[in-house]
Amino acid sequence: MAEPETTLEGWAPEPGPDLPLERIIDLAFDYRGNTTVVLTDGTELRGYVFNRNADAGEPFIQMFDADGAGPRRILYSRIRTIRFTGRDPAAGNSYALWRAGKETGGAGRDERGRGHR
């Protein structure tokens, strides 16, 4: 039996020796929901992290705010932490569920292969 899929939804990590900020940023980039980026000055920015570049001269993330405005570029050096505050819309939609649907011929899908809503 497969392990249940876990989600980062609701997680509010604090960077430290065992959890560097760079790891939190990578997790936020992979997260499918909105996050809250907490800056070093205490400002909180809610939105979707869609890009990051740790190899740039000044590493940065890019995000759209919760209303879809942006993109906004934020330097790693300005980030204190990132909280996983938005709902993860893909939580529970594991590969196993996708595979089961594929094996049943994609029941619930229209002729273009997209799911009905």
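A residue counts as buried under 20% relative accessible area, as exposed over 50%, and as partly exposed in between. Keep that scale at hand, because R80, at 39% relative accessibility, counts as partly exposed, and R80 is one of the stops on this tour. The model on your screen is predicted.

**Start with the whole chain.** Colour by secondary structure and you will find two helices and five strands, arranged along the sequence as α-β-β-β-β-β-α. Of the 117 residues, 28% are buried. If you switch on the surface, its accessible area is about 7,900 Å², with 48% belonging to carbon and sulfur atoms.

**Now select the strands.** They form an open sheet in the order 4-3-2-1-5, with antiparallel pairing. Look to the edges for strand 4 (72–75) and strand 5 (79–83): each has a single partner strand, so one side of each is left without a neighbour in the sheet. From one strand to the next, the twist averages 45 degrees.

Zoom in on strand 3 (residues 60–65), which pairs with strand 4 in the antiparallel sense over four bridges. Show F60 here, and you will see L75 of strand 4 standing opposite.

**Add helix 1.** Select residues 21–30 and view this helix against the sheet: helix 1 lies across strand 1 (35–39), strand 2 (44–53), strand 3 and strand 5. Relative to strand 5, helix 1 runs at about 40 degrees.

**Finish with the charged pairs.** Side chains of opposite charge can pair when their charged atoms come close. How many salt bridges are there to visit? The count comes to three.

- Select R80 and E14, whose closest N and O atoms are 3.1 Å apart. R80 lies in strand 5 and E14 in the segment before helix 1, so this salt bridge ties together parts that are 66 residues apart in sequence.
- Next, show D26 and R52, a salt bridge with its closest N and O atoms 3.1 Å apart. D26 sits in helix 1 and R52 in strand 2, 26 residues apart. D26 is partly exposed at 26% relative accessibility, and R52 is partly exposed at 27%.
- Last, pick R83 and E44, a salt bridge whose closest N and O atoms are 2.9 Å apart. This pair links strand 5, home of R83, with strand 2, home of E44, across 39 residues. Both partners are partly exposed: R83 has a relative accessible area of 22%, and E44 has 46%.

Methods:
Residues numbered from 1 in each chain as written. Predicted model: local features only at pLDDT ≥ 70, side-chain atom pairs only at ≥ 80, totals over all residues. Heavy atoms only, no water. Buried < 20%, exposed > 50% of the residue type's maximum accessible area, 1.4 Å probe, protein only. Areas by Shrake-Rupley, 256 points an atom, 1.4 Å probe, with all protein chains shown as cover. Pairing = 2+ DSSP bridges. Axes fitted to C-alpha atoms, helices over the stretch in contact; angles between N-to-C directions. Contact = heavy atoms within 4.5 Å. Salt bridge = Lys/Arg side-chain N within 4 Å of Asp/Glu carboxyl O.
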